[in-house]
Amino acid sequence: MKKKVTIIGLGYIGLPTAAVFAKSGMEVVGYDINKKVIEALNKGEILIEEPGLEDLIKEVVSNGSLRGINVLEESDVFIISVPTPINEDKTADLSYVKSATESIINIIKPGNIVVLESTSPPGATMEVASILEKSGLIIGEEVFVAHSPERVLPGRIIKELVENDRIVGGINEKSAELVKEIYSVFVKGEIFTTDSKTAEMCKLMENTFRDVNIALANELAILAENIGINAWDVIKFANKHPRVNIHQPGPGVGGHCIAVDPWFVIENQPEGHLIRQAREINDGMPERVLNRIMSIVKNGNAKVTLMGLSYKPNVDDTRESPIIKLVELLKERTNYQISLHDPHVDKDRFKYKDLLIDSIDEAVENSELMVLAVNHNEYKNLDFERIGELMLKKQVFDTRNFLSEEELIKLGFELTLLGRN
Ligand code: SAJ
(Lines give C-alpha, C1' and ligand atoms only; values in the text may rest on other atoms or scores of the structure.)
Protein backbone atom coordinates (compact mmCIF):
# COMPACT_ATOMS: atom_id res chain seq x y z
CA MET A 1 0.00 0.00 0.00
CA LYS A 2 1.18 3.52 -0.83
CA LYS A 3 2.54 5.16 2.34
CA LYS A 4 1.94 8.76 3.33
CA VAL A 5 5.07 10.57 4.44
CA THR A 6 5.04 13.89 6.30
CA ILE A 7 8.17 15.99 6.34
CA ILE A 8 8.30 18.50 9.19
CA GLY A 9 10.72 21.33 8.37
CA LEU A 10 11.24 22.23 4.72
CA GLY A 11 14.76 23.66 4.71
CA TYR A 12 17.88 22.68 2.82
CA ILE A 13 17.36 19.02 3.70
CA GLY A 14 13.62 18.63 4.34
CA LEU A 15 12.51 20.07 1.02
CA PRO A 16 14.78 17.94 -1.20
CA THR A 17 13.91 14.88 0.91
CA ALA A 18 10.19 15.58 0.39
CA ALA A 19 10.81 15.93 -3.34
CA VAL A 20 12.68 12.64 -3.76
CA PHE A 21 10.14 10.73 -1.65
CA ALA A 22 7.36 12.20 -3.83
CA LYS A 23 9.26 11.37 -7.01
CA SER A 24 9.58 7.76 -5.85
CA GLY A 25 5.81 7.39 -5.70
CA MET A 26 5.00 8.14 -2.06
CA GLU A 27 2.21 10.51 -1.09
CA VAL A 28 4.14 13.32 0.58
CA VAL A 29 3.05 16.33 2.58
CA GLY A 30 5.39 19.04 3.78
CA TYR A 31 4.90 21.16 6.87
CA ASP A 32 6.85 24.21 7.96
CA ILE A 33 6.18 26.92 10.53
CA ASN A 34 7.18 29.48 7.91
CA LYS A 35 3.96 30.09 5.92
CA LYS A 36 5.92 31.63 3.03
CA VAL A 37 7.68 28.31 2.43
CA ILE A 38 4.32 26.52 2.19
CA GLU A 39 2.80 29.17 -0.07
CA ALA A 40 5.80 28.97 -2.39
CA LEU A 41 5.79 25.16 -2.34
CA ASN A 42 2.14 24.93 -3.35
CA LYS A 43 2.96 27.13 -6.35
CA GLY A 44 5.84 24.80 -7.22
CA GLU A 45 8.40 27.38 -6.14
CA ILE A 46 11.33 27.31 -3.72
CA LEU A 47 13.00 30.03 -1.67
CA ILE A 48 16.45 28.44 -1.54
CA GLU A 49 19.04 27.70 -4.21
CA GLU A 50 19.97 24.10 -4.95
CA PRO A 51 20.73 22.70 -8.41
CA GLY A 52 17.86 20.65 -9.82
CA LEU A 53 15.54 21.20 -6.86
CA GLU A 54 13.14 23.71 -8.38
CA ASP A 55 12.42 21.52 -11.43
CA LEU A 56 11.85 18.49 -9.26
CA ILE A 57 9.54 20.42 -6.91
CA LYS A 58 7.56 21.74 -9.89
CA GLU A 59 7.13 18.22 -11.21
CA VAL A 60 6.00 16.57 -7.96
CA VAL A 61 3.74 19.46 -6.91
CA SER A 62 2.05 19.67 -10.29
CA ASN A 63 1.39 15.91 -10.41
CA GLY A 64 -0.07 16.04 -6.90
CA SER A 65 2.49 13.81 -5.13
CA LEU A 66 3.73 16.63 -2.89
CA ARG A 67 1.73 19.39 -1.21
CA GLY A 68 2.41 21.87 1.55
CA ILE A 69 0.18 21.98 4.64
CA ASN A 70 -0.29 24.52 7.42
CA VAL A 71 -1.85 22.11 9.91
CA LEU A 72 -0.37 18.68 10.55
CA GLU A 73 -2.47 15.68 9.53
CA GLU A 74 -2.44 11.95 10.23
CA SER A 75 0.28 10.14 8.35
CA ASP A 76 2.15 6.82 8.21
CA VAL A 77 5.60 8.31 8.52
CA PHE A 78 6.76 11.57 10.12
CA ILE A 79 10.22 12.83 9.29
CA ILE A 80 11.55 15.58 11.54
CA SER A 81 13.96 17.73 9.62
CA VAL A 82 14.07 20.94 11.62
CA PRO A 83 17.12 23.02 12.56
CA THR A 84 19.25 22.14 15.58
CA PRO A 85 20.93 25.48 16.19
CA ILE A 86 23.81 25.95 18.56
CA ASN A 87 23.40 27.85 21.83
CA GLU A 88 25.81 30.54 23.05
CA ASP A 89 27.44 27.96 25.31
CA LYS A 90 28.04 25.67 22.29
CA THR A 91 25.41 23.11 23.28
CA ALA A 92 22.69 21.96 20.90
CA ASP A 93 19.39 23.78 20.98
CA LEU A 94 16.87 20.95 20.63
CA SER A 95 13.82 23.19 21.05
CA TYR A 96 12.69 22.83 17.41
CA VAL A 97 13.11 19.06 17.55
CA LYS A 98 11.13 18.93 20.77
CA SER A 99 8.31 21.16 19.55
CA ALA A 100 8.10 19.26 16.25
CA THR A 101 7.78 16.05 18.28
CA GLU A 102 5.17 17.59 20.59
CA SER A 103 3.16 18.67 17.55
CA ILE A 104 2.52 15.07 16.46
CA ILE A 105 1.68 13.57 19.87
CA ASN A 106 -2.04 13.92 19.27
CA ILE A 107 -2.05 12.60 15.73
CA ILE A 108 0.26 9.59 15.83
CA LYS A 109 -1.41 6.23 15.73
CA PRO A 110 -0.33 2.59 16.01
CA GLY A 111 1.96 1.53 13.19
CA ASN A 112 3.40 5.04 12.68
CA ILE A 113 7.08 5.65 12.09
CA VAL A 114 8.89 8.74 13.36
CA VAL A 115 12.33 9.59 11.98
CA LEU A 116 14.66 12.24 13.35
CA GLU A 117 16.79 13.50 10.45
CA SER A 118 18.12 16.64 12.09
CA THR A 119 21.76 16.38 13.14
CA SER A 120 21.61 15.96 16.91
CA PRO A 121 23.84 15.15 19.88
CA PRO A 122 23.93 11.54 21.10
CA GLY A 123 20.73 10.76 22.99
CA ALA A 124 18.39 13.12 21.10
CA THR A 125 16.45 10.32 19.38
CA MET A 126 15.79 8.69 22.75
CA GLU A 127 14.45 12.08 23.91
CA VAL A 128 12.12 12.18 20.91
CA ALA A 129 10.95 8.69 21.85
CA SER A 130 10.28 9.69 25.43
CA ILE A 131 8.27 12.77 24.37
CA LEU A 132 6.17 10.53 22.11
CA GLU A 133 5.26 8.39 25.12
CA LYS A 134 2.81 11.15 26.05
CA SER A 135 0.63 9.85 23.21
CA GLY A 136 -0.17 6.83 25.37
CA LEU A 137 1.13 4.48 22.67
CA ILE A 138 3.92 2.01 23.35
CA ILE A 139 7.01 3.48 21.71
CA GLY A 140 9.11 0.81 20.05
CA GLU A 141 6.14 -1.57 19.80
CA GLU A 142 3.30 0.53 18.42
CA VAL A 143 5.25 3.53 17.17
CA PHE A 144 8.72 3.10 15.72
CA VAL A 145 11.45 5.69 16.11
CA ALA A 146 14.88 6.05 14.52
CA HIS A 147 17.57 8.54 13.58
CA SER A 148 18.56 8.70 9.95
CA PRO A 149 20.95 11.58 9.45
CA GLU A 150 21.36 13.15 6.04
CA ARG A 151 24.91 13.24 4.67
CA VAL A 152 24.39 15.21 1.51
CA LEU A 153 26.64 17.94 0.23
CA PRO A 154 24.91 21.26 -0.50
CA GLY A 155 25.18 21.84 -4.23
CA ARG A 156 24.80 18.10 -4.91
CA ILE A 157 21.88 17.33 -2.61
CA ILE A 158 19.48 15.65 -5.06
CA LYS A 159 22.16 13.33 -6.43
CA GLU A 160 23.66 12.49 -3.04
CA LEU A 161 20.30 11.90 -1.36
CA VAL A 162 19.72 9.08 -3.80
CA GLU A 163 23.24 7.75 -4.25
CA ASN A 164 24.90 8.03 -0.83
CA ASP A 165 24.90 5.19 1.65
CA ARG A 166 22.69 5.88 4.63
CA ILE A 167 22.71 4.95 8.31
CA VAL A 168 19.57 4.24 10.27
CA GLY A 169 19.84 4.08 14.05
CA GLY A 170 16.73 2.71 15.70
CA ILE A 171 15.61 2.92 19.31
CA ASN A 172 15.22 -0.82 18.77
CA GLU A 173 15.89 -3.24 15.91
CA LYS A 174 12.33 -3.24 14.61
CA SER A 175 12.38 0.56 14.31
CA ALA A 176 15.67 0.48 12.40
CA GLU A 177 14.38 -2.18 9.99
CA LEU A 178 11.12 -0.34 9.29
CA VAL A 179 12.86 2.96 8.68
CA LYS A 180 15.39 1.27 6.40
CA GLU A 181 12.45 -0.03 4.35
CA ILE A 182 11.01 3.48 4.03
CA TYR A 183 14.23 5.03 2.74
CA SER A 184 14.92 2.14 0.40
CA VAL A 185 12.19 3.48 -1.92
CA PHE A 186 14.65 6.06 -3.23
CA VAL A 187 18.12 5.35 -1.77
CA LYS A 188 20.34 3.53 -4.24
CA GLY A 189 23.31 3.39 -1.84
CA GLU A 190 23.50 0.81 0.93
CA ILE A 191 21.46 1.38 4.11
CA PHE A 192 23.13 0.25 7.33
CA THR A 193 21.20 -0.24 10.55
CA THR A 194 22.44 0.33 14.08
CA ASP A 195 21.25 1.86 17.36
CA SER A 196 20.24 5.51 17.55
CA LYS A 197 23.19 6.80 19.61
CA THR A 198 25.72 5.20 17.28
CA ALA A 199 23.97 6.77 14.27
CA GLU A 200 23.95 10.18 15.97
CA MET A 201 27.65 9.97 16.78
CA CYS A 202 28.49 8.64 13.33
CA LYS A 203 26.96 11.69 11.61
CA LEU A 204 28.72 14.06 14.00
CA MET A 205 32.08 12.37 13.60
CA GLU A 206 31.94 12.55 9.80
CA ASN A 207 31.79 16.33 9.99
CA THR A 208 34.26 16.43 12.86
CA PHE A 209 36.72 14.43 10.78
CA ARG A 210 36.50 17.11 8.11
CA ASP A 211 36.73 19.98 10.58
CA VAL A 212 39.86 18.59 12.23
CA ASN A 213 41.47 18.03 8.84
CA ILE A 214 40.65 21.56 7.68
CA ALA A 215 42.08 22.89 10.96
CA LEU A 216 45.29 21.03 10.19
CA ALA A 217 45.44 22.70 6.78
CA ASN A 218 44.74 26.10 8.36
CA GLU A 219 47.46 25.50 10.93
CA LEU A 220 49.85 24.69 8.12
CA ALA A 221 48.85 27.96 6.41
CA ILE A 222 49.63 29.89 9.60
CA LEU A 223 52.99 28.17 10.04
CA ALA A 224 53.89 28.59 6.37
CA GLU A 225 53.20 32.34 6.59
CA ASN A 226 55.42 32.49 9.68
CA ILE A 227 58.38 30.66 8.19
CA GLY A 228 58.11 32.09 4.69
CA ILE A 229 57.03 29.15 2.56
CA ASN A 230 53.96 28.47 0.45
CA ALA A 231 51.43 26.19 2.20
CA TRP A 232 49.78 25.35 -1.13
CA ASP A 233 53.04 23.93 -2.45
CA VAL A 234 53.47 21.87 0.72
CA ILE A 235 49.96 20.49 0.30
CA LYS A 236 50.45 19.75 -3.39
CA PHE A 237 53.66 17.81 -2.77
CA ALA A 238 52.59 16.12 0.49
CA ASN A 239 49.40 14.88 -1.16
CA LYS A 240 51.52 12.94 -3.65
CA HIS A 241 52.02 10.52 -0.76
CA PRO A 242 49.58 7.63 -1.18
CA ARG A 243 48.12 7.95 2.32
CA VAL A 244 48.13 11.71 2.81
CA ASN A 245 45.26 14.06 1.97
CA ILE A 246 45.81 17.48 3.51
CA HIS A 247 42.70 19.61 3.07
CA GLN A 248 42.48 23.19 1.82
CA PRO A 249 43.21 26.14 4.08
CA GLY A 250 40.94 29.15 3.79
CA PRO A 251 39.25 32.04 5.58
CA GLY A 252 37.42 29.69 7.94
CA VAL A 253 34.82 26.96 8.08
CA GLY A 254 31.15 27.74 7.71
CA GLY A 255 27.79 26.20 7.02
CA HIS A 256 25.42 24.76 9.47
CA CYS A 257 27.21 21.41 9.69
CA ILE A 258 30.97 21.33 9.95
CA ALA A 259 31.19 24.54 11.99
CA VAL A 260 28.60 23.24 14.44
CA ASP A 261 28.59 19.45 14.71
CA PRO A 262 31.98 19.04 16.43
CA TRP A 263 30.61 21.09 19.33
CA PHE A 264 27.77 18.56 19.70
CA VAL A 265 30.32 15.75 20.00
CA ILE A 266 32.07 17.38 22.94
CA GLU A 267 28.90 18.77 24.53
CA ASN A 268 29.13 18.19 28.30
CA GLN A 269 32.46 16.39 27.84
CA PRO A 270 35.51 17.49 29.78
CA GLU A 271 37.65 15.72 27.17
CA GLY A 272 37.73 16.05 23.38
CA HIS A 273 40.66 18.49 23.34
CA LEU A 274 41.67 17.93 19.72
CA ILE A 275 38.14 18.56 18.48
CA ARG A 276 37.85 21.75 20.55
CA GLN A 277 41.24 23.00 19.37
CA ALA A 278 40.33 22.36 15.73
CA ARG A 279 37.13 24.39 16.13
CA GLU A 280 39.11 27.23 17.66
CA ILE A 281 41.70 27.24 14.86
CA ASN A 282 39.02 27.33 12.19
CA ASP A 283 36.99 29.97 14.02
CA GLY A 284 40.12 32.10 14.33
CA MET A 285 40.68 32.31 10.56
CA PRO A 286 38.44 35.34 9.82
CA GLU A 287 40.47 37.34 12.33
CA ARG A 288 43.71 36.31 10.66
CA VAL A 289 42.28 37.40 7.33
CA LEU A 290 41.28 40.72 8.91
CA ASN A 291 44.81 41.25 10.22
CA ARG A 292 46.26 40.50 6.82
CA ILE A 293 43.85 42.99 5.18
CA MET A 294 44.91 45.63 7.70
CA SER A 295 48.56 44.98 6.94
CA ILE A 296 47.91 45.51 3.21
CA VAL A 297 45.57 48.51 3.38
CA LYS A 298 47.13 51.20 5.53
CA ASN A 299 44.66 53.94 4.60
CA GLY A 300 42.03 53.59 7.34
CA ASN A 301 39.21 55.00 5.20
CA ALA A 302 39.98 53.03 2.06
CA LYS A 303 37.39 51.05 0.18
CA VAL A 304 37.84 47.28 0.52
CA THR A 305 35.86 44.82 -1.61
CA LEU A 306 34.98 41.28 -0.57
CA MET A 307 34.09 38.89 -3.39
CA GLY A 308 31.80 36.14 -2.08
CA LEU A 309 29.82 35.87 1.14
CA SER A 310 28.33 32.40 1.25
CA TYR A 311 29.94 29.74 3.41
CA LYS A 312 31.35 27.94 0.38
CA PRO A 313 31.41 28.24 -3.42
CA ASN A 314 28.33 28.12 -5.64
CA VAL A 315 25.70 28.10 -2.90
CA ASP A 316 23.52 30.90 -1.50
CA ASP A 317 23.73 29.75 2.12
CA THR A 318 25.41 32.26 4.45
CA ARG A 319 24.78 30.36 7.71
CA GLU A 320 27.91 30.47 9.91
CA SER A 321 29.79 31.88 6.93
CA PRO A 322 33.30 32.93 7.96
CA ILE A 323 32.98 35.79 5.49
CA ILE A 324 30.02 37.22 7.40
CA LYS A 325 32.19 37.02 10.50
CA LEU A 326 34.92 38.85 8.58
CA VAL A 327 32.42 41.55 7.56
CA GLU A 328 31.46 41.95 11.20
CA LEU A 329 35.10 42.24 12.27
CA LEU A 330 35.76 44.80 9.55
CA LYS A 331 32.78 46.85 10.70
CA GLU A 332 33.74 46.62 14.36
CA ARG A 333 37.45 47.24 14.12
CA THR A 334 38.07 49.37 11.04
CA ASN A 335 36.73 52.41 9.23
CA TYR A 336 37.14 50.92 5.79
CA GLN A 337 34.39 51.51 3.36
CA ILE A 338 33.26 47.94 2.74
CA SER A 339 31.63 46.72 -0.44
CA LEU A 340 30.40 43.18 -0.91
CA HIS A 341 29.61 41.13 -3.98
CA ASP A 342 28.03 37.71 -4.29
CA PRO A 343 26.16 36.39 -7.32
CA HIS A 344 24.26 33.82 -5.22
CA VAL A 345 23.23 35.57 -2.03
CA ASP A 346 19.72 37.01 -2.09
CA LYS A 347 19.89 40.68 -1.16
CA ASP A 348 16.50 40.72 0.53
CA ARG A 349 17.45 37.95 2.91
CA PHE A 350 20.87 39.38 3.72
CA LYS A 351 21.63 41.22 6.93
CA TYR A 352 24.01 43.79 5.42
CA LYS A 353 22.06 44.34 2.22
CA ASP A 354 23.20 47.97 1.93
CA LEU A 355 26.79 46.80 1.49
CA LEU A 356 25.91 44.21 -1.14
CA ILE A 357 26.45 45.52 -4.66
CA ASP A 358 25.02 43.76 -7.71
CA SER A 359 27.59 44.85 -10.26
CA ILE A 360 31.23 43.79 -10.00
CA ASP A 361 32.29 47.08 -11.60
CA GLU A 362 30.57 49.09 -8.92
CA ALA A 363 31.80 46.81 -6.15
CA VAL A 364 35.46 47.27 -7.11
CA GLU A 365 35.33 50.89 -8.26
CA ASN A 366 37.85 53.02 -6.29
CA SER A 367 38.65 50.05 -4.09
CA GLU A 368 42.15 49.62 -2.67
CA LEU A 369 41.88 45.87 -2.16
CA MET A 370 39.84 43.05 -3.61
CA VAL A 371 39.60 40.05 -1.29
CA LEU A 372 38.70 36.83 -3.08
CA ALA A 373 36.71 35.37 -0.19
CA VAL A 374 34.67 32.63 -1.87
CA ASN A 375 35.76 30.76 -4.99
CA HIS A 376 32.45 30.90 -6.86
CA ASN A 377 32.56 29.66 -10.47
CA GLU A 378 31.50 33.14 -11.55
CA TYR A 379 34.87 34.45 -10.32
CA LYS A 380 36.90 32.08 -12.49
CA ASN A 381 37.12 34.46 -15.41
CA LEU A 382 37.04 37.87 -13.80
CA ASP A 383 38.14 40.61 -16.19
CA PHE A 384 41.12 41.87 -14.21
CA GLU A 385 42.19 44.24 -16.93
CA ARG A 386 38.94 46.18 -16.47
CA ILE A 387 38.94 45.66 -12.68
CA GLY A 388 42.48 47.09 -12.54
CA GLU A 389 41.29 50.22 -14.34
CA LEU A 390 38.44 50.69 -11.90
CA MET A 391 40.34 50.05 -8.67
CA LEU A 392 42.28 52.77 -6.92
CA LYS A 393 45.08 50.35 -6.10
CA LYS A 394 45.69 47.11 -7.94
CA GLN A 395 45.78 44.86 -4.89
CA VAL A 396 44.23 41.42 -4.54
CA PHE A 397 44.17 39.09 -1.53
CA ASP A 398 43.34 35.53 -2.59
CA THR A 399 42.20 33.50 0.44
CA ARG A 400 41.56 30.35 -1.64
CA ASN A 401 44.51 30.08 -4.03
CA PHE A 402 41.95 30.41 -6.79
CA LEU A 403 43.17 33.20 -9.05
CA SER A 404 45.92 33.10 -11.66
CA GLU A 405 48.99 34.70 -10.16
CA GLU A 406 50.62 34.87 -13.56
CA GLU A 407 47.75 36.89 -15.03
CA LEU A 408 47.51 39.24 -12.06
CA ILE A 409 51.23 39.97 -12.03
CA LYS A 410 51.19 40.54 -15.79
CA LEU A 411 48.44 43.12 -15.30
CA GLY A 412 50.42 44.89 -12.61
CA PHE A 413 48.53 43.65 -9.54
CA GLU A 414 50.07 42.93 -6.17
CA LEU A 415 48.84 39.53 -5.01
CA THR A 416 48.67 38.39 -1.40
CA LEU A 417 47.95 34.71 -0.86
CA LEU A 418 46.62 33.14 2.33
CA GLY A 419 49.17 30.53 3.40
CA ARG A 420 52.15 32.38 1.93
CA ASN A 421 53.97 35.36 3.31
N1 SAJ B 1 36.40 23.97 3.68
C2 SAJ B 1 37.73 24.36 3.82
N3 SAJ B 1 38.70 23.52 3.36
C4 SAJ B 1 38.41 22.31 2.77
C5 SAJ B 1 37.06 21.93 2.65
C6 SAJ B 1 36.08 22.77 3.11
O7 SAJ B 1 38.04 25.43 4.34
O8 SAJ B 1 39.36 21.61 2.40
C9 SAJ B 1 35.34 24.84 4.22
C10 SAJ B 1 34.36 25.32 3.15
O11 SAJ B 1 34.80 26.50 2.54
C12 SAJ B 1 33.11 25.54 3.98
C13 SAJ B 1 33.20 24.46 5.05
O14 SAJ B 1 34.55 24.05 5.07
O15 SAJ B 1 33.15 26.80 4.63
C16 SAJ B 1 32.31 23.27 4.87
O17 SAJ B 1 32.18 22.91 3.52
P18 SAJ B 1 32.12 21.41 2.98
O19 SAJ B 1 31.92 21.47 1.53
O20 SAJ B 1 33.27 20.64 3.46
O21 SAJ B 1 30.88 20.76 3.72
P22 SAJ B 1 29.33 21.16 3.91
O23 SAJ B 1 29.20 21.84 5.24
O24 SAJ B 1 28.77 21.87 2.75
O25 SAJ B 1 28.67 19.71 3.98
C26 SAJ B 1 29.12 18.80 4.98
C27 SAJ B 1 29.42 17.46 4.31
N28 SAJ B 1 30.15 16.60 5.25
C29 SAJ B 1 31.30 15.99 4.91
O30 SAJ B 1 31.83 16.13 3.85
C31 SAJ B 1 31.90 15.10 5.95
C32 SAJ B 1 28.12 16.81 3.89
O33 SAJ B 1 28.35 15.50 3.40
C34 SAJ B 1 27.14 16.75 5.08
O35 SAJ B 1 25.91 16.16 4.71
C36 SAJ B 1 26.87 18.17 5.50
O37 SAJ B 1 28.11 18.71 5.97
C38 SAJ B 1 25.84 18.15 6.62
O39 SAJ B 1 24.67 18.47 6.33
O40 SAJ B 1 26.16 17.75 7.73
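From which domains does the shell around the ligand draw at least three residues each? They are domain 1 (4–203) and domain 2 (230–421). The model discussed here is predicted.

**Ligand site**

The ligand sits in the second largest pocket. Around the ligand are 20 residues. Glu150, Val152, Lys203, Arg210 and Tyr311 come nearest. Sorted by class, this shell holds eight nonpolar, five polar and seven charged residues.

Polar contacts of the ligand include those below.

| Residue | Protein atom | Ligand atom | Distance |
|---|---|---|---|
| Lys203 | side-chain N or O | oxygen | 2.5 Å |
| Asn207 | side-chain N or O | oxygen | 2.7 Å |
| Gln248 | backbone N or O | nitrogen | 2.7 Å |

Lys203 thus appears twice: among the residues that come nearest, and with a side-chain N or O atom 2.5 Å from a ligand oxygen. Asn207 also uses its side chain, again towards an oxygen atom of the ligand. Gln248 uses a backbone atom, and its partner is a nitrogen atom of the ligand. How much of the ligand's area does the protein bury? Taken alone, the ligand exposes 770 Å², and the protein buries 88% of that.

**Enclosed space**

Rolling a probe the size of a water molecule over the atoms reveals where empty space remains. One cavity of 30 Å³ or more is counted. The largest cavity holds about 50 Å³ of space. Which residues line the largest cavity? They are Pro149, Glu150, Arg151, Val152, Glu160, Leu161, Asn164, Asp165 and Arg166. By class, this lining has three nonpolar, one polar and five charged residues.

Glu150 and Val152 link the two sites. Both line the largest cavity, and both are among the residues that come nearest to the ligand.

Technical notes. Residues numbered from 1 in each chain as written. Predicted model: local features only at pLDDT ≥ 70, side-chain atom pairs only at ≥ 80, totals over all residues. Heavy atoms only, no water. Near = heavy atom within 4 Å. Polar contact = N/O pair within 3.5 Å; in protein donor to acceptor, adjacent residues only side chain to side chain. Areas by Shrake-Rupley, 256 points an atom, 1.4 Å probe, with all protein chains shown as cover. 1 Å grid on protein atoms, 1.4 Å probe; cavity = no way out; pocket = protein on both sides within 12 Å on 5 of 7 lines; lining within 4 Å. Sits in = over half its atoms within 2 Å of the grid points. Nonpolar A, V, L, I, M, F, W, Y, C, P; charged D, E, K, R; others polar. Domains from an automatic or database assignment. Points joined across faces, edges and corners; volume = space filled by probe spheres on them.
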